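Me: Please take a close look at the ligand site of this model, and then set it beside the empty spaces and the backbone details found elsewhere in the chain. I would like one connected account rather than a list.

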Amino acid sequence: MTTKLKLAWAIWAAWTPALLAATPADIDRRIDGLLQRMTLEEKLGQMSQSTSMNTPLSDEIRDQIRKGRWGSFLNAGSAADRAEAQRIARKESRLGIPLIFGRDVIHGYQTVFPIPLGQSASWDPALIEQAARVAAQEASAVGIHWTFAPMLDIARDPRWGRIAESLGEDPYLAGVLGSAMVRGFQGKSLDARDSIAACAKHYVGYGAAEGGRDYNTTWIPELLLRNVYLRPFQAVKDAGVATFMSGFNDLNGIPASGDVFTLRDVLRNEWKFDGMVVSDYNSITEMINHGYAADASDAAFEGVRAGVDMEMVSTAYYDHLKSLVDARKVDIKLIDESVRNILRLKFRMGLFDDGPSLAGAPALSALDVARKVAAGSCVLLKNDGGTLPLLNSIGKVAVIGPLADSPVDQMGTWTLDGRREDVRTPLMALRERLGETRVLRAAGLNTSRDMSHDGFSAALEAARASDAVLLFLGEEANLSGEARARAFLDLPGAQEALVEEVAKAGKPTIAIIMAGRPLTFHNVASKVNAILYAWHPGAMGGPAIADLLFGDAAPKGRLSVTFPRTVGQVPLYYDHMSTGRPPSPSTLGIPAGSPLDPKDYTSRYIDIDYTPEYPFGFGLTYTSFEYSSLRLSQPGMTADGSLTVSADIVNNGSREGDEVVQLYTRQLVGSVTRPVRELRAFQRVHLRAGEKKTVEFTLRARDLAFYNERMKLAVEPGAFQVWIAPDAARGVEGGFRVTASL
Ligand code: BGC
């Protein structure tokens, strides 16, 4: 191609989707036309999503696509298969309706970013948006149209393996960060060649599984559902998420995939969602196991009645909806409505349009973004006496622990397509930085679950010969994620014993913990000088961690979940209610009184502090900040008004650094009880050593609204506490009143 031709092509490729962009009315007209011509079988085909497309495309699948048997495939085929399947659907099926290909692109496609829980610890929407953008570019380049992310399940239980895939425990933070992911995946418009549709999952309540056991029962009163669990979903709906996925869980006695209340009343009627709803994997027919549907026909009936448009994997819709329609048990209008939602998505994504279906090469430098996100996700939990950062002039470092050099484990859960060869482990990065001879490697344990002490003496020897010990601890990837609930949260295998052994060397010791959840490591914490929590940091975890250890970058992550002291405290989350007998800090973990002289009947434990090991929002960096002088622009506001809250933050350390300044409120009295604190906003500020800044937030009264006992969203007049804070347990405090609107 000549340069001129290339230029013309680039302009055409960039502008065509915009020029051809159909209006909603055009789309509706085209859907009406199709609905009139479609047979009931073709409609049910659109409502069916299959995993059965393998490589190479079988004649049977080709034939099925020609006949319109499937509307979508998930996690299936190669890029070439997808292109060929799409060609058949468009050119050889009766009505030319395209397929939509879905895949679990959860934290990166080929370039693996930190697990979502790690990303949420960055408290950095721009960074998260960039990571999702890279993932969308890589996935769309091979014909993937749709990802099953973000997962917005509020996770208050670290035993639940899928906490790894969550954006933490706070509904506001999850909503802000989930919306950033949606923007990243969906790009400027859904029909851009490098956009993929996002999916808000698992609607709703899945994270509240009893005992943290995956797929388990959830009981969530409507008040809690509306004030906590639904909020991040509504936020991403408002951010334009294209699809929703209904959950596996039984919610208040009704499986989430058959729940008319959440799926129709709330999602469609209240929120006016006009995108598409897909079930989870077999969650339609699992209603039989739940004891809610008698058989597959009944399950199809319940699913379509609730408004699940597309059935993932199981085939109850295709097998039974025709007889149900013929028998007038299911109104054809319900089927048409679902097919309309599916076709609308396909039109919005430009899948009906011919032209190059694959995006070009990714524009962003994927590994650079992965390195930035990994560094931004790490949380410094302890740093006694400025152990970190290490000096580049340090002599030798001992690199101990099973996770210093385990590419697969550092990628974490959900990495179907992660390019293992891209992964840079901490050991690789440290050798590169310091040279082979300054890095003394002794794994100590082969895997995180290894119980053998055979490697301990070599580890101690390496520690003794070093100037600092870097201990890479945690849990391997396979211990978190779907169906990976744990009853214990401590470091698995003989890791605690390894720490004790290595501590005998008496060298400055830094624990770097890689995990898919908050772990409990109280004993370890007292034996090391510094702790960096790195989650499963993805492909560039190694260089990112090395950057942080040597101070090329400073840790700037903050916890998006509360870390308990022990599994027995779970669930433990910061935005809890008060109780009638709140505990007092003076009684931390001490059995009070005696049987004859009983004391302290408060809500606490007698064998451990009731407080967490590390609170929500917590994270250190290489400098420190002091908060003072909380000020309010006025003593109160009306229910439709706003005020500003500000405080002074000073960097009183000797290095520059980032602080994530958090705004919390508490309504002291409500028509229903209110949490002891709720995050309302946050801001990242960068301060030079010694610098002081005034950080200001605008707080609108409507941000304080909550659902009351009549399930009405309202701002209730009354007194509030307000904090500008470094985490959910501290901060400078003030108060204001909200009065009724005039
Ligand atoms: C998970 C979903 C996922 C789906 C498709 C299910 O088991 O719960 O989150 O998107 O599988 O792979």
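Reply: What follows starts at the ligand, goes on to the pockets and cavities, and ends with single residues and peptide bonds.

The model is a predicted one, and the description should be read in that light. Around the ligand there are 14 residues, and Asp 104, Arg 162, Lys 201, His 202 and Asp 280 are the closest of them. Sorted by class, this shell consists of seven nonpolar, two polar and five charged residues. Three side chains can be described through their distances to oxygen atoms of the ligand. In the side chain of Lys 201, an N or O atom is 2.7 Å from a ligand oxygen atom, while for the side chain of Asp 280 the corresponding distance is 2.6 Å. Glu 482 contributes a polar side-chain atom that lies 2.8 Å from an oxygen atom of the ligand. On its own the ligand has 310 Å² of accessible area, and the protein covers 95% of it.

The backbone at this site deserves a remark of its own. Lys 201 and His 202, both listed among the closest residues to the ligand, are joined by a cis peptide bond whose omega is near -5°. His 202 belongs to strand S5, which runs over residues 199-203. A further cis peptide bond links Leu 388 to Pro 389, with omega at about -5°, and Pro 389 sits in the loop between strand S11 (379-383) and strand S12 (397-400).

Glu 482, with its polar contact to the ligand, leads along the chain to Ala 483, a residue that is not a glycine and yet has a positive phi of about 60°. Ala 483 is placed in the loop that connects strand S14 (468-474) with helix H20 (495-503), and because its relative accessibility is 39%, Ala 483 counts as partly exposed. Asn 75 also has a positive phi without being a glycine, in this case of about 40°. The loop that holds Asn 75 lies between strand S2 (72-74) and helix H5 (79-92), and with a relative accessibility of 28% Asn 75 is likewise classed as partly exposed.

Turning to the open spaces, the largest pocket holds about 930 Å³. Its lining is made up of 29 residues, of which Tyr 574, His 576, Tyr 610, Thr 611 and Val 676 are the closest to the centre. By class, the lining of the largest pocket has 17 nonpolar residues, together with eight polar and four charged ones. The second largest pocket contains about 710 Å³ of space, and of the 21 residues that line it, Tyr 172, Arg 231, Arg 702, Asp 703 and Ala 705 lie nearest its centre. Two or more lining residues come from each of helix H8 (171-186), helix H9 (222-229), helix H10 (231-238), strand S21 (678-687) and strand S23 (706-707). The lining of this second largest pocket divides into nine nonpolar, three polar and nine charged residues.

Enclosed space can be described in a similar way. The model has seven cavities of 30 Å³ or more, and the second largest cavity has a volume of about 110 Å³. Its lining comprises 15 residues, with Gln 46, Ile 65, Gly 68, Ser 93 and Ile 97 the closest to the centre. Helix H3 (40-46) and helix H4 (59-66) are the elements that give two or more residues to this lining. In terms of class, the second largest cavity is lined by seven nonpolar, four polar and four charged residues.

Two helical residues complete the account. Asp 547 is part of helix H22, residues 541-549, and is counted as buried because its relative accessibility, 11%, falls below the cut-off for that class, which is under 20%. Although Asp 547 and Leu 430 are 117 residues apart along the chain, their C-alpha atoms are separated by 9.5 Å. Leu 460, in helix H19 (residues 456-464), is buried as well, with a relative accessible area of 8%. From C-alpha to C-alpha, Leu 460 and Ala 131 are 39 Å apart in space, and in sequence they are 329 residues apart.

Key. Residues numbered from 1 in each chain as written. Predicted model: local features only at pLDDT ≥ 70, side-chain atom pairs only at ≥ 80, totals over all residues. Heavy atoms only, no water. 1 Å grid on protein atoms, 1.4 Å probe; cavity = no way out; pocket = protein on both sides within 12 Å on 5 of 7 lines; lining within 4 Å. Points joined across faces, edges and corners; volume = space filled by probe spheres on them. Helix = DSSP H or I, 4+ residues; strand = E, 2+ residues; numbered from the N terminus. Nonpolar A, V, L, I, M, F, W, Y, C, P; charged D, E, K, R; others polar. Near = heavy atom within 4 Å. Polar contact = N/O pair within 3.5 Å; in protein donor to acceptor, adjacent residues only side chain to side chain. Areas by Shrake-Rupley, 256 points an atom, 1.4 Å probe, with all protein chains shown as cover. Buried < 20%, exposed > 50% of the residue type's maximum accessible area, 1.4 Å probe, protein only.
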